[in-house]
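Good morning, and thank you for the time. I would like to take you through some charged pairs and one pocket. Please have the sequence and the model in view.

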Amino acid sequence: MKVSFENPDKVNGLLTITVEEEDFKNDVEKKLKDYRKRANINGFRPGCAPMGIIKKQFGLSAKMDAVDSLVSDTLNKYIQDNKIDMLGRPLPSEKQQPVEIEKEAPYTFMFDIAVAPEFDIQLDDKDTVDYYDIQVDDALIDRQVAAFQRSNGHRDNTVKEYDPTTNDILKGDLRELTENGIVESGVTLMPQYIKVDDQKKLFEGSKLGDVITFNPRKAYPDNDAEVKSLLRLGDEGDPNAHTGDFTFQITEITRFVPAEVNQELFDNIYGKDEVKSEEEFRAKIKEGLSQQLRGDEEFQFVVDLRAYAENKVGELTFPDALLKRLLVENVKADKDNKENPEDIVNRSYEGSLKALRWDLIRNKIALANKVTVKDEDVRAIAIDTARAQFAQYGMTNLPDEYLQKYLNDMMKRRDFVEACANRALDMKLAAKLKTVVTLNHKEVSLDDFNKMVEEKNNQAQA
């Protein structure tokens with residue numbers, strides 16, 4: 001057997017394997033003996049059929065299996081022994097000629113291999129990377145207190161006067177001022193969202209029981225859906241058939257009332273008697289925000305580190321045609337896809353290449369700094385992700401059994417696990433490299449930080 005590997009441009013590899021009869025003859029004999037033991041052939045007891053009959057019926061199949069196994073093992077062993085940094089998997093070469101397996105060897109098999117570009121990157125204290133320290137000030141704490149008040153508030157339907165500054169919901173009876181016009185009860189509207197000022201002002205100062213005359217078509221001149229919903233016209237109704245005035249008699253005013261900053265709120269957010277004063281409440285919020293924002297700080301550090309490292313590495317050459325072939329094969333394997341695979345790959349290729357480039361750079365940095373990701377690291381990130389998702393809705397005191405059930409369901413999703421694994425690697429790499437490179441600390445407010453992130457994202461997408 002002969003194996004050769006051509007890689008003239010360093011990224012497009014051609015691996016050629018030539019096998020002779022002697023290379024697989026013994027394996028064929030073993031397979032035929034196995035076939036004989038299992039074969040059920042009329043006129044012969046199991047395992048007693050003449051070998052000539054076995055060869056006639058199963059010889060070609062045994063040969064194909066033996067050759068296929070030999071080539072596959074040889075291919076993988078050569079790649080492993082020669083430490084070929086392969087992207088994806090080997091593909092049958094476009095130079096491959098048909099193999100006539102029914103004839104005697106030699107047989108030649110050719111494989112195209114996408115080889116990762118060679119590059120070097122080393123980071124040390126001579127490398128300086130920005131690190132943003134987000135300040136948790138009183139204004140930010142106030143915003144979080146208000147958010148907790150909103151998430152734990154309630155609706156009050158005993159209000160007597162409409163207040164346009166508190167997002168009141170008015171409920172009432174609607175009547176069109178035409179003969180046989182629309183008459184609806186229990187209609188709800190929020191006047192503060194009326195687009196036309198003169199129509200909006202008609203509701204100012206109104207009280208429970210008042211009758212307001214207004215024009216829905218004028219109130220929402222460019223929003224047919226809003227008019228149809230208000231008048232309960234249904235999908236087929238024509239809002240332009242009702243352009244006159246309506247009366248609206250207020251039967252109920254509902255106002256959202258934020259929760260008071262008291263012990264009940266403290267208990268709802270952090271558990272019974274965990275916090276016992278507003279001062280402790282604000283301190284707890286500051287601690288939580290600091291931990292939460294530390295993740296944002298670390299994430300932005302990874303983003304800035306990535307930009308720094310990619311700039312230090314410079315441009316890399318990739319086997320574009322071969323990578324596109326690999327991606328097309330992956331898309332074809334998706335049975336749910338109905339779109340042309342080539343179109344999908346051409347549309348997404350640049351983004352895929354950027355991700356691949358960073359993967360290669362990140363992995364090399366991680367290897368040099370002995371950073372690895374374990375199962376417990378992935379699960380820790382998954383738990384933090386789940387907690388953050390619930391915290392967005394003010395659910396910070398979630399029972400462990402509920403959180404674990406949700407987490408177990410999410411861990412069944414491959415995309416979620418991969419995202420958590422990547423996040424875990426980023427976080428462990430950030431923690432390590434903060435002790436390796438020189439950090440250029442910059443104190444910023446959350447608003448300034450978010451503005452900076454948005455500007456950098458816009459620049460990256462331009």
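Arg357 and Glu310 form a salt bridge in this predicted model, with their closest N and O atoms 4.0 Å apart. Arg357 belongs to helix H10, residues 341-368, and Glu310 to helix H8, residues 278-313, so the salt bridge ties together parts that are 47 residues apart in sequence. Are these two residues buried or exposed? Both Arg357 and Glu310 are buried.

Glu310 also leads us to the second largest pocket, since this residue is among those closest to the pocket's centre. The others in that group are Val303, Arg306, Ala307 and Ala460. The pocket has a volume of about 660 Å³, and 18 residues line it. Which helix supplies the largest share of that lining? Helix H8 does, with eight residues. At least two lining residues come from each of H8, H10 and helix H14, the last of these spanning 446-461. Thus the two helices that carry the Arg357 and Glu310 pair both contribute to the lining. By class, the lining comprises seven nonpolar, four polar and seven charged residues.

Let me turn to a second pair. Arg255 forms a salt bridge with Asp168, and here the closest N and O atoms are 2.9 Å apart. This pair, too, links distant parts of the chain, 87 residues apart. Arg255 sits in strand E10, residues 246-257, whereas Asp168 is in the loop between strand E6 (154-156) and strand E7 (169-176). Arg255 and Asp168 are both buried.

The third pair is that of Arg325 and Glu94, whose side chains meet in a salt bridge at 3.9 Å, N to O. Where in the chain do Arg325 and Glu94 lie? Arg325 is in helix H9, residues 320-332, and Glu94 is in the loop between strand E3 (91-92) and strand E4 (107-114), with the two positions 231 residues apart in sequence. Why does Arg325 count as partly exposed? Its relative accessibility is 23%, and the buried class requires under 20%. Glu94 has a relative accessibility of 66% and therefore counts as exposed, the cut-off for that class being over 50%.

Arg325 and Glu94 also take part in a network: salt bridges that share partners join Glu94, Asp112 and Arg325.

To place these examples in context, the structure holds 28 salt bridges. In general, side chains of opposite charge can pair when their charged atoms come close. Thank you for your attention.

How values were computed. Residues are numbered from 1 along each chain as its sequence is written. This is a predicted model: local features need pLDDT of at least 70, side-chain atom pairs count only at pLDDT 80 or more; totals for chains, interfaces and linings use all residues. Side-chain values use heavy atoms; hydrogens and water are left out. Helices (H or I, at least four residues) and strands (E, at least two) are DSSP runs, numbered from the N terminus. Buried means under 20% relative accessible area, exposed over 50%, partly exposed in between (1.4 Å probe, protein chains only). On a 1 Å grid over the protein atoms alone, a cavity is a set of points where a 1.4 Å probe fits but cannot get out, and a pocket is an open set with protein on both sides within 12 Å along at least five of seven lines; lining residues have an atom within 4 Å of a point. Grid points are joined across faces, edges and corners, and a volume is the space filled by probe spheres set on the points. Ala, Val, Leu, Ile, Met, Phe, Trp, Tyr, Cys and Pro count as nonpolar, Asp, Glu, Lys and Arg as charged, and the others, Gly among them, as polar.
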